[in-house]
Amino acid sequence: MARDGEDDEREPHLMVSGKALVKRFGGVAAVAGIDVEVRRGESFGFLGPNGAGKSSTMRMIACVSPRSDGELRVLSMDPETDGPRIRARIGVVPQLDNLDVELTVRQNLQVYGRYFGLSRARVRAKAVELMEFAELSDRADDQVEPLSGGMKRRLTIARSMVNDPELLLLDEPTTGLDPQARHLLWGRLYQLKQQGVTQIITTHDMHEAEQLCDRLVVMDGGQIVAEGSPSELIRRFSTREVLELRFPPGEQDGQLSRVADLAGRHEVLPDRLLLYADDGEATLEAVHARGVRPVSTLIRRSTLEDVFLRLTGRSLVD
Amino acid sequence: MPPVRRSTGTVVPTWRAMWLRVEGHWAWYRRYWRSSLYSSGIEPLLFLAAMGLGFGSQVEAGAATGGHEYLHYVAPALLVAGATMSGMGESSFPVLSGFKWQKDYIAVTATPITPGQLLGGQLMWLAIRLTLSGVIYGLVALTFGAWLRPGAVLVVGVGVITGLACAAPVMALAAATYDEGRRFVVMFRFVMVPMMLFSATFFPIEQIPIELRWLTWISPLWHGNEIARAVALGGADPLAVAGHGGFLLALLAGGVLLAKKLFYRRLVV
């Protein structure tokens, strides 16, 4: 079994280990010195808004972008010198599908599998298995171009599995998909996790992060601002519940001073006021007791969105 | 602890990696070969019919054609000119698309295949296509009676080398192109077409004014045409052929090195 520090590269305990990792483009640091460790078998998330440095980090891990500074090991190898050997054992789902749209579903899988040194017989069998997995068997010999966005995304994920990767990198896997397609994909990713596939997922969708990630880091401006499991982060950085108050346009500012002291913390969003309290119901009663009458109110559990708001002062999805 | 997974992926040796790209192109080509065969194989044939037979019927064999009939004079050069045009064409928008629109280069370099191997595969695939269309052209030209000696078989090889020598720098250009590729249209108009017309494809270099002749000298197509005629018609100075070949190989090597550098710059950022 693996020990700390010196990992066996064939069976690493740490799938990814980065220390003071930096990526600069020109003078700008997209990733400004992060420490990150991903353990075997876990689903690890990078959560943050666009431009936070998530994709740059992913590209360094995928061995297609050399680091500007710091240390990085993927499968206990150095991406700088062992890029092809690392890439042989990982799967990549890019942010934008880059399937060969002029080929069929089956051909996309077979041709891609060959690049990993798999035999013809192997890719033929693997393509059948993966089309089953992606629920695309009935479109096997159709061209990719006219497929729906969800189908293309599923095919991209299936393609990334062609070499039975030990580590799967998913860059915003469900962005732009409808809820049904997202749930289907989440189900598939969970299935892969059960099979022991380590996953690294970037997303700016807190719901997705909560669904998929055992552990995640919140990134902002190239830095990691928090790390933990979704529930840990919520416990640490937010209250159990949140009371949302909506006021008619223009009245929010005036009402703020009347209720702000009712909660330990509050956030002002353009369209609503958030009061952080462990007991939302009691806080709402207190609001009403002061004669404040919002247009609508909502009591909900804290989410990663609230964590993000607390840590960065900004909303996750603009 | 979750189960231990072992990936089935391995790193393939460079030549094999390049060949796998050829396989990938083939998967596409065998669906679309008709249209692409037209542009690379049939087009030069139309030229051969129009220029060699049609226009050629008005040209008397003389000093300018080395004493040969015009069909025999123009046939080898048309093969090389066709290879040059498809080499440059195939290396412009299709290569840019790999980076920009289709993004298949990005997909491929996420696998163990490196950008250098990707480029090698692209050149290898082009070489195969140029060979194929050259052979088809050669066979049809044979039925026209365009070939005088068995050595003419080598014209196909000359076409491939010349086509690749012109293609490699264009691939480099494509790798350095981030816009919609308007520069290719400029290149077709102001480099490719003049090159085809003034590289002693249709008439000897002696007809070009001495002050402008340097433009022909730097044209890779002219060097290809000279070798092609040497092997197809015979009676050439081996030293001159070696010189022309050296020019083409130097251009090819320089183009490949530059393209490799720019492929890495584009794909590893």
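A residue counts as buried when its relative accessible area is under 20%, as exposed when that area is over 50%, and as partly exposed in between. With that cut-off in hand, A:Cys63 is buried, because its relative accessibility is 10%. The model discussed here is a predicted one, and the points below deal with the contact between chain B and chain A, with two alanines of positive phi, and with the cysteines.

**The contact between the chains**

- Chain A brings 47 residues to the contact, while chain B brings 36 residues.
- Between them, chain B and chain A bury an area of about 3,700 Å², and carbon and sulfur atoms account for 52% of that area.
- Of the area that chain B buries against chain A, 19% is supplied by B:Arg5, B:Gln102 and B:Val269, which is more than any other three residues supply.

**Polar contacts and salt bridges**

- There are 2 salt bridges between chain B and chain A, and one of the salt bridges joins B:Glu23 to A:Arg114, with the closest N and O atoms 2.8 Å apart.
- Counting pairs in which both residues have pLDDT 80 or more, 22 residue pairs are in polar contact between chain B and chain A.

**The side of chain B that touches chain A**

- Two helices of chain B, α1 (14-54) and α4 (104-108), each supply at least two residues of the side that touches chain A.
- The largest share of this side of chain B comes from α1(B), which gives 10 residues.
- Sorted by class, the side of chain B that touches chain A is made up of 19 nonpolar, 9 polar and 8 charged residues.

**Two alanines with positive phi**

- As background, most residues other than glycine have a negative phi.
- A:Ala20, which is not a glycine, nevertheless has a positive phi, near 50°, and this residue lies in strand β1 (residues 14-25) of chain A.
- A:Ala20 has a relative accessible area of 42%, and therefore it is classed as partly exposed.
- B:Ala200 likewise has a positive phi, of about 60°, without being a glycine, and B:Ala200 sits in the loop between α7 (182-197) and α8 (213-217) of chain B.
- B:Ala200 is buried, because its relative accessible area is 1%.

**Cysteines**

- A disulfide is a covalent bond that links the sulfur atoms of two cysteines.
- Over all chains, the structure holds 0 disulfides.
- A:Cys213 has a relative accessibility of 6%, so A:Cys213 counts as buried, and A:Cys63, at 10%, counts as buried too.

Definitions and conventions
Residues numbered from 1 in each chain as written. Chains lettered and ligands numbered in written order. Predicted model: local features only at pLDDT ≥ 70, side-chain atom pairs only at ≥ 80, totals over all residues. Heavy atoms only, no water. Contact = heavy atoms within 4.5 Å. Buried area = accessible area lost by both parts, 1.4 Å probe. Salt bridge = Lys/Arg side-chain N within 4 Å of Asp/Glu carboxyl O. Polar contact = N/O pair within 3.5 Å; in protein donor to acceptor, adjacent residues only side chain to side chain. Helix = DSSP H or I, 4+ residues; strand = E, 2+ residues; numbered from the N terminus. Nonpolar A, V, L, I, M, F, W, Y, C, P; charged D, E, K, R; others polar. Buried < 20%, exposed > 50% of the residue type's maximum accessible area, 1.4 Å probe, protein only. Disulfide = S-S within 2.5 Å.
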